[in-house]
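Got your viewer open? Load the file, switch to cartoon view, and follow along.

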Amino acid sequence: EAPKGPEARARRWRRILYWIPVLFIGLLLGWSYYAYAGQLCVVSMENIGEQVVCLIVYHLLFAMFVWSYWKTIFTLPMNPSKEFHLSYAEKELLEREPRGETHQEILKRAARDLPVYTRTMSGAIRYCDRCQLIKPDRCHHCSVCDKCILKMDHHCPWVNNCVGFSNYKFFLLFLAYSLLYCLFIAATDLQYFIKFWTNGLPDTQAKFHIMFLFFAAAMFSVSLSSLFGYHCWLVSKNKSTLEAFRSPVFRHGTDKNGFSLGFSKNLRQVFGDEKKYWPLPVFSSLGDGCSFPTCLVNQDLEQPSTPAGLTPAIKNLEGHQFPSKPLRESQSHLLTDSQSWTDNSTNLDKGKVGKKDNLCSFVLKDEKLNLMVHVKCDLL
Ligand SMILES: [Zn+2]
Ligand SMILES: [Zn+2]
């Protein structure tokens with residue numbers, strides 16, 4: 001049943017208004033098609049070869065642009081799975097308890113078996129009051145969508161959608177193809193644009209389309225290339241836009257490169273393992289969006305006195321340490337093909353990890369740890 005009242009009406013209106021930027025891009029795209037394919041290629045080009053090549057390349061770029069844009073807009077953002085939601089009993093308990101210490105205790109207990117490694121600035125469990133769930137790592141609540149969004153990057157008005165785990169690859173491709181689209185138009189339109197100023201063009205309406213086409217393409221090329229460049233940097237560092245502004249906080253403290261696994265693995269996390277899917281807006285990102293491998297040393301292995309927790313020997317040997325709590329099958333794929341991690345922390349003989357110990361030489365009492373070290377060495 002549709003909700004009534006002025007508030008609901010305002011919400012409905014807002015939802016319609018949010019589509020205006022998308023409509024604007026759609027109209028602009030439609031006009032650019034008419035201006036380029038119609039007025040420039042068909043009406044103004046005299047060389048048949050040039051005409052054919054321009055039309056073929058243009059349609060290819062146009063199709064990829066529209067496809068990736070469409071996918072970015074209409075791919076629903078992913079929300080945290082059921083296990084992150086508090087149970088009814090836990091919610092009751094939270095409501096009864098005043099904020100503070102006990103509140104945290106309840107949340108800590110609820111988060112015990114979840115693959116959650118990030119904390120709030122004050123070190124507390126990240127909890128969303130609105131959705132009543134424990135926020136997975138890299139998940140944020142979007143005030144526009146009014147939902148928690150997995151690996152939220154930002155809410156983008158130009159696609160009227162949240163850019164996050166489910167559509168980040170599509171968003172990158174949208175930026176890439178729209179940039180190529182604009183660059184191609186600007187490059188092939190340039191000579192006609194010059195003719196316009198030197199009065200070499202016949203006085204038809206095509207003249208004005210050709211002029212505005214060049215202006216628009218050049219202008220969008222500049223802004224898109226800076227945005228695309230920025231996102232390439234983010235992907236290479238495995239950061240979301242939100243994380244670039246505020247570094248994630250882990251149990252041992254803030255780490256701005258906490259999710260980075262090195263360039264090639266960072267790229268694969270977004271684009272997947274199969275190169276043939278990289279240029280296509282089909283979902284191929286690795287993981288489930290709820291948990292992410294981190295390069296941080298297992299908190300439980302650490303000596304409390306070492307601030308970053310990285311004993312030199314361990315740091316040298318394994319740049320990448322993985323969480324001790326279970327990661328989901330799909331996520332562990334980035335680490336190894338067949339194994340998902342089980343909780344090693346309780347089985348570890350902490351005395352074995354001294355500052356002077358080389359990881360390879362330390363006695364492996366535990367089979368799981370053995371496997372862990374083995375896989376880590378493979379990753380280096
Ligand atoms: Zn939320
Ligand atoms: Zn949103």
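Here is a short tour that starts with the whole chain, then visits one helix residue and one sheet.

**Stop 1: the whole chain.** Keep in mind that this is a predicted model. Select everything: the chain has 12 helices and nine strands. It runs to 380 residues, and 31% of them count as buried. Look at the contacts between residues at least 6 apart in sequence, and you'll find that 62% of them join residues at least 24 apart.

**Stop 2: Ala110.** Now select residues 101–111, which make up helix α5, and pick out Ala110 within it. Is Ala110 buried or exposed? It's buried, because 23 C-beta neighbours sit inside 10 Å, and 20 are enough for that label.

Next, show the residues around Ala110. Once you skip the neighbours within four places in sequence, Ala110 is in contact with Leu86, Glu90 and Ile134. Then add Ile125 and draw a C-alpha to C-alpha distance from Ala110: you should get 9.8 Å, for a pair 15 residues apart in sequence.

**Stop 3: the three-strand sheet.** Select β1, β8 and β9, and you have an open sheet in the order β1-β8-β9, paired antiparallel. Which strands stand at the edges? They are β1 (118–119) and β9 (253–254); each has a single partner strand, so one side of each has no neighbour in the sheet.

Finally, zoom in on β1 and β8 (residues 249–250), an antiparallel pair joined over two bridges. Show Thr118 here, and opposite it you'll see Phe250 in β8.

Definitions and conventions. Residues numbered from 1 in each chain as written. Chains lettered and ligands numbered in written order. Predicted model: local features only at pLDDT ≥ 70, side-chain atom pairs only at ≥ 80, totals over all residues. Helix = DSSP H or I, 4+ residues; strand = E, 2+ residues; numbered from the N terminus. Buried ≥ 20, exposed ≤ 12 C-beta atoms within 10 Å, placed from the backbone. Contact = placed C-beta atoms within 7 Å. Pairing = 2+ DSSP bridges.
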